[in-house]
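The exercises below are meant to be worked with the sequence and the coordinates open side by side. Each task is followed by a solution that proceeds step by step.

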Amino acid sequence: MKLVHRAKSLIRALAICTVLLTVAAPVLAGNDFIQGELRVDRYEVYTACDYQTLLYAGEGSNAPFPWFTCAWLSVHLTSESEGFTQVGILTDQTGVYWFAYSYLPVTILRGWPKWPGHGCQGIPNDIVQLGR
Amino acid sequence: MELVRRYYAPDWKWVARIYDTYGNGYDLAIIHSGSNRIYKALCVTEEAYPDPADPFWTAKFYHYHPQYKSGGTWYDWPASSGTNVNKITTTEGTCPAHYGALPYLGGDPRYWYAGTAGSNQYWCQVNPLFPASTTYLPDIKANYGGWNSFIAIRNNGSQTAAVQVAFYDSNGNHVADKVKENLSARGTWILPATDAGLNNWRGSAVVYASEDVGVVVNNHGPNNTNYSYSAAGPQGTTLYLPSTHRNDWGWYSDIAVQNVGTTAANVRLTFRNAGGTYKHQVTANNVPPGATRFFPTASYGQLGSYYGPAVLESTNGVPLTAVVREWNTASGGPDLAYHGLASAANRLYLPSQHKDSWGWTSWVHMQNPNSSSATMRMRYYQTNGALKYTTPTKTIPAHGSKYFWTGDYASQLGSNYFGPAELERTSGGNVVAICNEVNTGKALSYSGFPTTGSSSLCLPAQGYVGDWNTWTFIQNPNGASANATVTYRDTNGTWRGSSTPTIPGHGSACLVASDFFSYGTQGSAWVSANRPVVTIVNQVGSAGDQTMSYNGLLR
């Protein structure tokens, strides 16, 4: 998720500082994306205020906690990236989960606050299941 | 998954919501934003991993039909546009070995897989994601027996188009693709199939574009043999092929049948003789979506020496399109091609007929798809709209075929006749027809128009280059004159010239590309008229069978 990406950017920045200070081993960041960008130039699209997609995981992931693979629908609620908001499903070795996240302040209604103040995640197989 | 703006007291909020498989919705989180619009939307598959090495965790996700709600109704996310292109892209270096996208699942452009890859069927870039136009090309060759396909794609839109040409083998495998991100408005992209890295290959292709496009395929063979077809041929579960041959004065037919549906097609091809009697039948089951199966009459010894009509059917309801190539065994012998036809009519329009005009004569092959006979006659007109001759009627047997040959009317048409014609039913059911025009060592073919046409037509392949020039024939099927404007543009979409012919009722006009293009120029033309018209384009060179024709694309 972009949260991770952002966190990694911070980690990378800290790592670079560390490298500069200690000449330690290089640190590489890495999230991989298969990104589908949807058209939003039409008035009826960008003012719709209700967006949905169907998503499912064909099978689980071998990613060990806390790492994962995931898929999501996201919208930007501001013209800049701080409006980034997403909802999707996430898989790792322990199961399949739903999650919701935003760069904006968030009030959690369900699940646990994996990203306090910004997002939440369900327990395994809550609402979502593999292949469905 | 849903992101929706709704009222959460004391004001409106954005809510992340999820639905279970029974359709029950669950609100997950409130996003505190007063925004009443969105600025960007994404559907993404992601791998999150620790530094430093990329472990390429397995990811297998399916994305299906993103939608937005307007006026209380859900709508599929709109097709791509030239300036706001929907596309799938992957992180550099991960595709296709590790991750990729597999679009158009089940032939549905809004259903795609994104995740762990490892096969050449996975795309690193899909552009556009939701095409505004999809065009099927049944017969594509790349260095195949000396044959090469050149695909002319015209952007009919008013803005830049993203275009993707996907090539499929006979098993439906997506074996290659070529992308042009920025095809200028009204510009033309001429793509040789060999540019996709294909060699000694024949198969099919599908053109996905973010704007409406018109496509013509020119197939150039050895010894100056050529044929072309407009790649927007009729589609249907039953297609009619008025003229097929085997060992008939050296003529044979290769029938390319493409599945344009979303599931595998079962195809049945039935040959009959001209009298309508059953001759032979062949089948091909499980033709994958997008794939072509070739039916060469040379392989069907049961036909013997044969000429007659054929019927192509999908026995499981999956739509097809087809191109029939007719070829002769003579060295450098002529080739021609026409579409399988879906729509029969009681009147068909033929923009170009010849009787010894520049050495050309015309054969109009009619097919009667009905179980009772049909009676037809031909009305040959002069270009000024005056009726030249109406033939006696001919009766086409049930399921059979018949032809009108201008050579049979030498005394009535004269020795140098050229003009448009109308094929008219006098009794029985509707028919389909094609026109083959032949000269010494040369031949070309086009399909009779079953309607009076359109006031807008796209002509994607025009040129005055090498030995080639293109001749455009516009027929006015109406009784009153039509005012037309024909605009020529080069491959960049730049205007190169226009003509404004007034076409008499039942008459025709002829324009030649060299009057508008400087030598060496290729491009397209667009016909606008105040009444519906029909158009063919003959592409003519100076050597051998450098002659081929395509039907103008109605818009």
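**Exercise 1.** In this predicted model, determine which residue of E34(B) stands opposite B:Met366, and then describe the surroundings of strand E34 of chain B.

*Solution.* Begin with the pair itself: the residue of E34(B) that stands opposite B:Met366 is B:Ala433. Next, widen the view to the two strands concerned, for strand E28 (residues 360-367) of chain B pairs with E34(B) over seven bridges, and the sense of this pairing is antiparallel. Then turn to the other partner, strand E35 (residues 442-447) of chain B, which runs antiparallel to E34(B) and is joined to it by six bridges; within this pairing, B:Cys435 has B:Tyr446 as its bridge partner in E35(B). The connection between E34(B) and E35(B) is a hairpin with two residues between the strands, and B:Gly441 in the turn has a positive phi of about 70°. Finally, count burial, taking a residue as buried if 20 or more other C-beta atoms lie within 10 Å of its own: seven of the eight residues of strand E34 (residues 432-439) of chain B are buried, so the strand is largely enclosed by the rest of the structure.

**Exercise 2.** Establish the strand order of the open sheet in chain B that contains E19 and E24, and identify its edge strands.

*Solution.* The sheet consists of four strands of chain B in the order E19-E24-E21-E22, with antiparallel pairing. Strand E19 (238-246) and strand E22 (278-287) are the edge strands, since each pairs on one side only, and from one strand to the next the twist averages 20°. To check one of the pairings in detail, take E19(B) with strand E24 (residues 306-314) of chain B, where seven bridges are found in the antiparallel sense; here B:Thr244 has B:Gly308 of E24(B) as its bridge partner.

**Exercise 3.** Characterise the overall form of chain B, and explain why it is as compact as a globular protein of that length.

*Solution.* Start from the secondary structure, which comprises one helix and 44 strands in chain B. The radius of gyration of chain B is 26 Å, which is close to the 24 Å given by the globule rule for 555 residues, so the chain is as compact as a globular protein of that length. The C-alpha trace of chain B spans about 90 × 50 × 45 Å along its principal axes, and 55% of the 555 residues are buried. Among contacts in chain B with a separation of 6 or more, 74% are between residues 24 or more positions apart. As a last step, consider the division into domain 1 (2-126), domain 2 (347-447) and domain 3 (454-554), where the C-alpha centres of domain 1 and domain 2 of chain B lie 55 Å apart.

**Exercise 4.** Describe the side of chain A that touches chain B, by element and by residue class.

*Solution.* First, the extent of the contact: 69 residues of chain A are in contact with 69 residues of chain B. Second, the elements: those supplying at least two residues each include strand E1 (31-38), helix H2 (43-46) and strand E3 (68-76) of chain A, and E3(A) gives the largest share, nine residues. Third, the classes: this side of chain A has 37 nonpolar, 22 polar and 10 charged residues. Finally, look for pairing across the two chains, where E1(A) and strand E4 (residues 40-48) of chain B are joined by eight bridges in the antiparallel sense, with B:Ala48 in E4(B) as the bridge partner of A:Asn31.

Technical notes: Residues are numbered from 1 along each chain as its sequence is written. Chains are lettered from A and ligands numbered from 1 in the order in which they are written. This is a predicted model: local features need pLDDT of at least 70, side-chain atom pairs count only at pLDDT 80 or more; totals for chains, interfaces and linings use all residues. Two strands pair if DSSP finds at least two bridges between them. Axes are lines fitted to C-alpha atoms, for helices over the stretch in contact, and angles run from 0 to 180 degrees between N-to-C directions. Two residues are in contact if their C-beta atoms, placed from the backbone, lie within 7 Å. Ala, Val, Leu, Ile, Met, Phe, Trp, Tyr, Cys and Pro count as nonpolar, Asp, Glu, Lys and Arg as charged, and the others, Gly among them, as polar. The radius of gyration is taken over C-alpha atoms; the globule rule is 2.2 Å times the number of residues to the power 0.38. A residue is buried if 20 or more other C-beta atoms lie within 10 Å of its own, exposed if 12 or fewer, and partly exposed in between; C-beta atoms are placed from the backbone. Domain bounds come from an automatic or database domain assignment.
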